[in-house]
Amino acid sequence: MFTLWTLIEASLLCLNAVCILHEERFLAKIGWGRQAGQQEFGAPSAKHQILNLIRSIRTVAKIPLIFLNIVAIIFKLLLG
């Protein structure tokens, strides 16, 4: 059954997945490392914008994700 909780849980899992991406181990192997995000002139490309989004999510959402994961685990333990 698709509920609001499953939507919240899916978004929490996606945020966790973005936060654990390691630039040197994973992103650099597919050509999305720190050097790939640098552009000389003009408007930023879609790849550059996605890399900036990944970096900003990792920076901003790290601490709140810890608490949200704890709440989700407690919620799952208590309510199943």
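**Confidence**

I began with the confidence of this predicted model, and I found that the mean is lowest in helix α2, residues 23-27, at 75, and highest in helix α4, residues 62-79, at 92. For the protein as a whole I noted an average pLDDT of 83, with 91% of the residues scoring at least 70.

**Helix α4**

I then went along α4, which has 18 residues and reaches 26 Å from its first C-alpha to its last, close to the 26 Å expected at 1.5 Å a residue. After the helix I came to Gly 80, and I wrote down that its phi is positive, near 90°.

Which residues make the nonpolar surface patch of about 830 Å²? I listed Ile 63, Ile 66, Phe 67, Ile 70, Ile 74, Phe 75, Leu 78 and Leu 79 as its members. I checked the place of Ile 63 separately, and this residue is found in helix α4.

I also looked up Leu 77, another entry for helix α4. With a relative accessibility of 69%, Leu 77 counts as exposed, because the cut-off for that class is over 50%. From its C-alpha to that of Phe 2 I noted a separation of 19 Å, the two residues being 75 apart along the chain.

**The aromatic pair**

My search for paired rings gave one aromatic pair in the structure. How are the rings of Trp 5 and Phe 75 placed, as to their centres and planes? I recorded 4.4 Å between the centres and 50° between the planes, so the pair is tilted; for the class I needed the limits, since planes under 30 degrees apart would count as stacked and those over 60 as edge-to-face. The pair links distant parts of the chain, for Trp 5 sits in helix α1, residues 4-19, and Phe 75 in helix α4, 70 residues apart.

I next asked how much of each partner is accessible, and for Trp 5 I noted a relative accessible area of 25%, which makes this residue partly exposed. Phe 75, at 34% relative accessibility, is likewise entered as partly exposed, and I had already met Phe 75 as a member of the nonpolar patch.

**The salt bridge**

Searching the whole structure, I found one salt bridge. Glu 9 forms this bridge with Lys 76, and I noted 3.6 Å between the closest N and O atoms. Why does the pair tie together parts that are 67 residues apart in sequence? The reason is that Glu 9 lies in helix α1 whereas Lys 76 lies in helix α4.

On accessibility, I have Glu 9 as partly exposed with a relative accessible area of 23%, and Lys 76 as partly exposed at 36%.

**Two further residues**

Is Arg 55 buried or exposed? I first placed this residue in helix α3, residues 46-60, and then read a relative accessibility of 16%, at which Arg 55 counts as buried, the cut-off being under 20%. I also noted that Arg 55 and Phe 26 are 29 residues apart in sequence and 14 Å apart in space, C-alpha to C-alpha.

For Ile 20, I found its place in the loop between α1 and α2. At 68% relative accessibility I entered Ile 20 as exposed. The C-alpha atoms of Ile 20 and His 48 are separated by 19 Å, and I noted that these residues are 28 apart along the chain.

Definitions and conventions:
Residues numbered from 1 in each chain as written. Predicted model: local features only at pLDDT ≥ 70, side-chain atom pairs only at ≥ 80, totals over all residues. Heavy atoms only, no water. pLDDT = per-residue confidence, 0-100. Helix = DSSP H or I, 4+ residues; strand = E, 2+ residues; numbered from the N terminus. Patch = residues over 30% accessible without salt bridge, like charges linked within 9 Å, V, L, I, M, F, W, Y side chains within 5 Å. Areas by Shrake-Rupley, 256 points an atom, 1.4 Å probe, with all protein chains shown as cover. Salt bridge = Lys/Arg side-chain N within 4 Å of Asp/Glu carboxyl O. Phe/Tyr/Trp six-rings, centres within 6.5 Å; stacked < 30°, edge-to-face > 60°. Buried < 20%, exposed > 50% of the residue type's maximum accessible area, 1.4 Å probe, protein only. Expected span 1.5 Å × (residues − 1).
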